[in-house]
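I am opening a notebook on a structure that is new to me, and I mean to write down what I look up as I go. My entries follow the order in which I looked.

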Amino acid sequence: MYPYEEIMPLPEPSFEPSFGRPGFGPPSFRPPGVGTPPSFGPPGFGPPPSFGPPSFGPPPSYGPPSFGPPPAGQMPLGPPPSFTPALPSFGIGTSGIQSCLFRNTFIWMFNGAAFWFFLVAVGREFISGFRWSNRSGWRFETIARRNIRSYECSRW
């Protein structure tokens, strides 16, 4: 006769089952001769597989990296100089732009845009800081270095 076919006595009226791990907390009721429930599949293979598409973590993000929120206390306090410097006769790229950190810098882009920028972070491929807009003031922005034609740090 198998242990599962035995007739079990009813628990006492004060019985409260425990649903924790065996050996922890108040004692739980187990019929005599009954161990853990049987597992399915070959031994040592764990729970049955779940159904649905596999999960490989969050999807990749494309575009410029996030340098995080705007750095506190690093936003310029006033507007940039009111003039526009002359475009250099040759493009200088961005190889030395790190020297412009925390200074007003005029940036010329390959697409023709030109604006004042307050640089707060320099990465290998991107820079970030605050871009000046006459309508909305300073706004945090990240720019790809490959799009910058030239720049000039302010000495003013």
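Entry 1, the disulfide. I began with the cysteines and found that Cys100 and Cys153 form a disulfide, with their sulfur atoms 1.4 Å apart. I note at once that this is a predicted model, and that the separation is a computed value for a pair that counts as a disulfide because its sulfur atoms lie within 2.5 Å. The link joins distant parts of the chain, since Cys100 sits in the segment before β1 (104–109) while Cys153 belongs to strand β5 (residues 148–153), the two being 53 residues apart. I then looked up the handedness, and the link of Cys100 and Cys153 is left-handed, with -60° about the S-S bond. The count of disulfides comes to one.

Entry 2, the surroundings of the two cysteines. Are Cys100 and Cys153 buried or exposed? Cys100 has 0% relative accessibility and therefore counts as buried, and Cys153, with a relative accessible area of 12%, is buried as well. The cut-off I relied on here is that buried means under 20% relative accessible area.

Entry 3, the sheet. Next I traced the strands, and I found five of them forming an open sheet in the order β4-β3-β2-β1-β5, with antiparallel pairing. Which strands stand at the edges? They are β4 and β5, each of which has a single partner strand, so one side of each is left without a neighbour in the sheet. From one strand to the next, the twist averages 40°. As background for these pairings, I remind myself that strands of a sheet pair through backbone hydrogen bonds, in either a parallel or an antiparallel way.

Entry 4, the pairings one by one. I went along the sheet and looked up the bridges, starting with β1 and β5, which pair in the antiparallel sense over five bridges; here Trp108 has Ser150 in β5 as its bridge partner. Strand β2 (residues 114–122) is joined to strand β3 (residues 126–133) by five bridges, and the two run antiparallel, with Ala121 standing opposite Ser128 in β3. A hairpin of three residues leads from β2 to β3. Between β3 and β4 I found eight bridges, again with the strands running antiparallel, and in this pairing Trp132 stands opposite Trp138 in β4. These strands, β3 and β4, also form a hairpin, with three residues between them.

Entry 5, Thr105. I chose this residue in strand β1 for a closer look, and at 1% relative accessibility Thr105 counts as buried. What does the side chain of Thr105 reach? It reaches the backbone oxygen of Arg103, at 3.2 Å. Leaving aside residues up to four places away in sequence, Thr105 touches both Cys100 and Cys153, and its other contacts include Phe115, Trp116, Phe117 and Tyr151. This brings me back to the cysteines of my opening entry, which form the disulfide.

Entry 6, Phe140. My last look was at Phe140, which I found in strand β4 (residues 137–144). With a relative accessible area of 28%, Phe140 is partly exposed, whereas Thr105 is buried. I also looked up Phe140 together with Phe117, and the two are 23 residues apart in sequence and 9.5 Å apart in space, taken from C-alpha to C-alpha.

Definitions and conventions:
Residues numbered from 1 in each chain as written. Predicted model: local features only at pLDDT ≥ 70, side-chain atom pairs only at ≥ 80, totals over all residues. Heavy atoms only, no water. Helix = DSSP H or I, 4+ residues; strand = E, 2+ residues; numbered from the N terminus. Buried < 20%, exposed > 50% of the residue type's maximum accessible area, 1.4 Å probe, protein only. Pairing = 2+ DSSP bridges. Axes fitted to C-alpha atoms, helices over the stretch in contact; angles between N-to-C directions. Polar contact = N/O pair within 3.5 Å; in protein donor to acceptor, adjacent residues only side chain to side chain. Contact = heavy atoms within 4.5 Å.
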